[in-house]
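Let's take a walk through this one, pockets first and then a few side stops. Have the viewer open as you read.

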Amino acid sequence: MPCNCCEITDNAFSEAEARAELRSFHKRGPANQTKLILRAIRSLGLKNANLIDIGGGIGAIHHELLEDVAREATHVDASSAYLKEARQEAARRGHAERVRFIHADFTDVAAELLKADIVTLDRVVCCYPDFRRLLKAAAEHSQRALALTYPRETWYLRIGLKIINFFQRLRKDPFRVYLHPVGEIEALLKGEGFQRVSLRRLFVWEMALYQRA
Ligand SMILES: C[S@@+](CC[C@H](N)C(=O)[O-])C[C@H]1O[C@@H](n2cnc3c(N)ncnc32)[C@H](O)[C@@H]1O
């Protein structure tokens with residue numbers, strides 16, 4: 001796929017939004033769907049793990065997991081606004097030396113990256129048109145666990161995402177949100193050697209934890 005995804009995604013997330021998310025993280029801690037990922041990963045009892053956080057936003061997952069589960073992290077993100085906030089927060093926490101920040105579409109740089117114990121994608125597949133390409137690259141880079149959140153396949157989200165995309169079209173903004181078929185996500189990850197070991201649902205988000213079979 002010719003990829004202008006990084007540019008489209010980069011334009012979709014403003015510095016003001018990224019700053020607001022970091023403020024919310026300082027006040028309230030990780031968002032509820034992120035908490036599900038953190039709980040699921042912690043339940044595996046891993047220590048000194050390395051982590052690849054794809055589309056990590058302000059970096060909530062690595063800020064948290066570097067406290068007890070992870071030794072080091074790589075945060076690959078298509079949004080420079082998010083990366084800026086994530087980098088500053090990592091420095092504030094004394095994690096600057098333990099996190100590598102890469103501004104890129106993960107599928108473009110995956111071949112240059114080493115594998116990790118854990119790969120996470122929190123609210124990322126719904127921002128990316130080619131979820132098969134993204135998840136295949138993510139799965140190939142995970143040696144042990146892969147956790148992701150995505151919008152649930154419900155009637156109200158089908159309508160909601162259509163409305164969001166309608167307004168995106170009106171504004172001539174090429175960024176779209178996607179409700180990818182969960183059955184296909186699961187089949188793809190199974191095909192890559194993973195089995196689903198946990199599934200949790202909120203009103204909008206579903207969290208699935210996969211482990212290498
Ligand atoms: C809705 S935000 C979620 C941010 C964060 N994970 C969270 O849950 O708060 C989606 C993020 O995924 C990133 N993203 C989407 N597709 C990506 C890709 N192919 N490679 C790297 N980052 C990607 C965007 O840049 C953005 O930071």
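Before sorting any pocket lining by chemistry, a quick convention: Ala, Val, Leu, Ile, Met, Phe, Trp, Tyr, Cys and Pro count as nonpolar, Asp, Glu, Lys and Arg as charged, and the others, Gly among them, as polar. Keep in mind, too, that this is a predicted model.

With that sorted, the lining of the largest pocket splits into 29 nonpolar, 10 polar and eight charged residues. The volume of this pocket comes to about 920 Å³. There are 47 lining residues, and the closest to the pocket centre are Phe13, Glu21, Tyr82, Asp122 and Arg123. Elements giving two or more residues to the lining are α1 (5-12), α2 (15-28), α3 (32-42), α4, β2 (70-77) and α8 (155-170). The top contributor is α2, with five residues.

Two of those central names turn up again in the aromatic story: Phe13 and Tyr82 join Phe175 in one aromatic cluster.

The second largest pocket has a volume of about 190 Å³. Its lining includes Asn50, Leu51 and Ile52, along with Glu72, Ala73 and Thr74. Both β1 (49-54) and β2 supply at least two residues each here. So what does the chemistry of this lining look like? It divides into six nonpolar, two polar and four charged residues; among the lining residues are Arg98, Arg100 and Lys115.

Now back to α4, one of the elements lining the largest pocket. Seven of the nine residues in this helix (residues 60-68) are buried, so the rest of the structure largely encloses it. The buried set is Ala60, Ile61, His62, His63, Glu64, Leu65 and Leu66.

On to the rings. Searching the whole structure turns up five aromatic pairs. In one of them, Trp155 and Tyr156 have ring centres 5.6 Å apart and planes at 90°, so the pair counts as edge-to-face. Trp155 is exposed at 63% relative accessible area, while Tyr156 is partly exposed at 22%. Phe166 and Phe167 are edge-to-face as well, because their planes sit at 75°, with ring centres 5.4 Å apart. Phe166 is partly exposed at 41%, and Phe167 is also partly exposed, at 44%.

Last stop: Arg200, in strand β6 (residues 194-201). Its relative accessibility is 46%, so it counts as partly exposed. Which residues does Arg200 touch once its neighbours within four places in sequence are set aside? They are Leu36, Trp205, Glu206 and Met207. Leu36 is 164 residues from Arg200 in sequence, yet their C-alpha atoms are 7.3 Å apart in space.

Note on methods. Residues are numbered from 1 along each chain as its sequence is written. This is a predicted model: local features need pLDDT of at least 70, side-chain atom pairs count only at pLDDT 80 or more; totals for chains, interfaces and linings use all residues. Side-chain values use heavy atoms; hydrogens and water are left out. Helices (H or I, at least four residues) and strands (E, at least two) are DSSP runs, numbered from the N terminus. Buried means under 20% relative accessible area, exposed over 50%, partly exposed in between (1.4 Å probe, protein chains only). Contact means heavy atoms within 4.5 Å. Rings of Phe, Tyr and Trp (its six-membered ring) pair if their centres lie within 6.5 Å; planes under 30 degrees apart count as stacked, over 60 as edge-to-face and the rest as tilted. On a 1 Å grid over the protein atoms alone, a cavity is a set of points where a 1.4 Å probe fits but cannot get out, and a pocket is an open set with protein on both sides within 12 Å along at least five of seven lines; lining residues have an atom within 4 Å of a point. Grid points are joined across faces, edges and corners, and a volume is the space filled by probe spheres set on the points.
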